[in-house]
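In these notebook entries I record what I looked up about charged side chains and helix packing. The entries are grouped by topic.

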Amino acid sequence: MEIMPSLDKRDYQILFELDSHARQSISDIARKTRLSRDVINYRITRLEEMGIIKGYFTVINFGVLVSHIVRLYVRLQNTTPEIEEKMTSFLLKNKNILTVYSVDGFYHMAVGFLVNELADYKAFYNEFLKHFRRYVVGDNVSFFVEYVHYPRNYLVESKMRRFTSLSVSGSKLFPSGIKDLDTKDLELLSLIKEDARITLLELAAKLEMTAAGAKYKLRRLEKNKVIVGYKVLLDIGKLGYDYYKVDLMLEDLSILLSLQEFILRHPNIIYQDITVGGSDFEFDGEFKSQEDFYSFMDELRSLFPGKIRSYHYYKARKIYKYSYFPESLVKKSR
């Protein structure tokens, strides 16, 4: 793990602001951090050049676009790094892929699909197994109901933390699905999905619209909760952190609301996953060490004695893709 030792609290505050709202202006970040615009520009550029900031992505509400968010865990056997790279490349060719992770734990790969028909997912996974079945020893499929984002409050001191959340749905919000969005809407979403800080002028030029027209479409998508937020994509390893995904099996489901309040208030928890076919309670966090993670889990179990039957976790090794917009939608709209 490569840790960057030269960051100060202002750098972390800038990262926190970008994580909270990656599309906010340099002027807004300067006002909140009490630094000049030139200093903010310099520091952001430096963080990008160091590879700590890997990009900026738009949090798009899945439920407006597709009927199902499918999560696939795969357990492997008898592989090599070269074979796993071939498997990853095969997965990344699918235009309905949301994310691909390599992970360390009971499972070795975590993959997310955005699809309108479950048959599309099934057909693709069957094709994957035709090529790699001998390496797959087990799998698990579940479906997202909701995906909740929390701020990376661990980046700043306690008085600066924000206990808010962004939520995306795993079921369609509009009865008519993507028919409520026109071709330009879909093109805009495709352009901004992995470039959340793209300027209005750049958006307008690529959409072949006026800046006013592009701004209107963007604001409409935000107002109607198609776009629910803008986040920074960080290489947390360079900050000295690791990513953990935790699944709890509960003895007593009456603690669900208390668990939600606990993770909302904990600075290291960044996601909650609400699923069908998954565990009773799922969340994701970023911790500085395995010891910190175990201490967190000890605290959690002590707070709810006799209520948590068991848990398991995986540790993310590498993120190959992270996007909230299936590329196939723009192709279909043209």
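The entries below follow the order in which I looked things up.

**Entry 1: the model and its salt bridges**

I noted at the outset that this is a predicted model. I then looked up the total of salt bridges, and the structure holds 25. I chose some of them for the entries that follow.

**Entry 2: Arg 43**

I located Arg 43 in helix 3. Its relative accessible area is 16%, and I entered Arg 43 as buried because the cut-off for that word is under 20%. Which residue forms a salt bridge with Arg 43? I found Asp 11, with the closest N and O atoms 3.2 Å apart. Arg 43 belongs to helix 3 (residues 37-49) and Asp 11 to helix 1 (residues 9-20), so this pair ties together parts that are 32 residues apart in sequence. Asp 11 is buried, as is Arg 43.

I also looked up the polar contacts of the Arg 43 side chain. One is with the side chain of Asp 8, at 2.7 Å, and one is with the side chain of Asp 11, at 3.2 Å. Leaving out residues up to four places away in sequence, I listed Asp 8, Arg 10, Asp 11, Ile 14 and Leu 35 as touching Arg 43. For Arg 10, I added that its C-alpha lies 8.9 Å from that of Arg 43, while the two residues are 33 places apart in sequence.

**Entry 3: helix 2 against helix 3**

I stayed with helix 3 and turned to its packing. Two packed helices are described by the angle between their axes and the distance between the axes. At what angle do the axes of helix 2 and helix 3 cross? I recorded roughly 105°, with the axes coming within 9 Å. Helix 2 and helix 3 are therefore roughly perpendicular to each other. From helix 2, Ile 26, Ser 27, Ile 29, Ala 30 and Thr 33 meet Arg 37, Ile 40, Asn 41 and Ile 44 of helix 3.

**Entry 4: a pair within helix 7**

I next looked up Glu 187 and Lys 184, whose side chains meet in a salt bridge at 3.8 Å, N to O. Both lie in helix 7 (residues 183-192), and because they are three residues apart, about one helical turn separates them. Glu 187 is buried at 15% relative accessible area, whereas Lys 184 is partly exposed at 27%.

**Entry 5: Lys 245, Asp 273 and Asp 247**

I found a salt bridge between the side chains of Asp 273 and Lys 245, at 3.7 Å, N to O. Asp 273 is in strand 9 (residues 269-276) and Lys 245 in strand 8, so the pair ties together parts 28 residues apart in sequence. Both residues are buried. I noted one network, in which salt bridges that share partners join Arg 71, Lys 245, Asp 247, Asp 273 and Glu 282.

I then examined Asp 247, which is in strand 8 (residues 242-250). Asp 247 counts as buried, at 5% relative accessibility. Its side chain makes a polar contact with the side chain of Lys 245, at 2.4 Å. Beyond its neighbours within four places in sequence, the contacts of Asp 247 include Tyr 73, Phe 281, Glu 282 and His 312.

**Entry 6: Lys 238**

I ended with Lys 238, in the loop between strand 7 (227-234) and strand 8. Which side chain of opposite charge is nearest to Lys 238? I found Asp 235, 4.3 Å away; Lys 238 is buried yet has no salt bridge. A polar atom of the Lys 238 side chain lies 3.1 Å from the backbone oxygen of Met 50.

Definitions and conventions: Residues are numbered from 1 along each chain as its sequence is written. This is a predicted model: local features need pLDDT of at least 70, side-chain atom pairs count only at pLDDT 80 or more; totals for chains, interfaces and linings use all residues. Side-chain values use heavy atoms; hydrogens and water are left out. Helices (H or I, at least four residues) and strands (E, at least two) are DSSP runs, numbered from the N terminus. Buried means under 20% relative accessible area, exposed over 50%, partly exposed in between (1.4 Å probe, protein chains only). A polar contact is a pair of N or O atoms within 3.5 Å; within protein, one must be able to donate a hydrogen and the other to accept it, and residues adjacent in sequence count only if both atoms are side-chain atoms. Contact means heavy atoms within 4.5 Å. A salt bridge is a side-chain nitrogen of Lys or Arg within 4 Å of a carboxyl oxygen of Asp or Glu. Lys and Arg count as positive and Asp and Glu as negative; His and the chain ends are not counted. Axes are lines fitted to C-alpha atoms, for helices over the stretch in contact, and angles run from 0 to 180 degrees between N-to-C directions. Angles under 35 degrees count as roughly parallel, over 145 as roughly antiparallel, 65 to 115 as roughly perpendicular and the rest as oblique.
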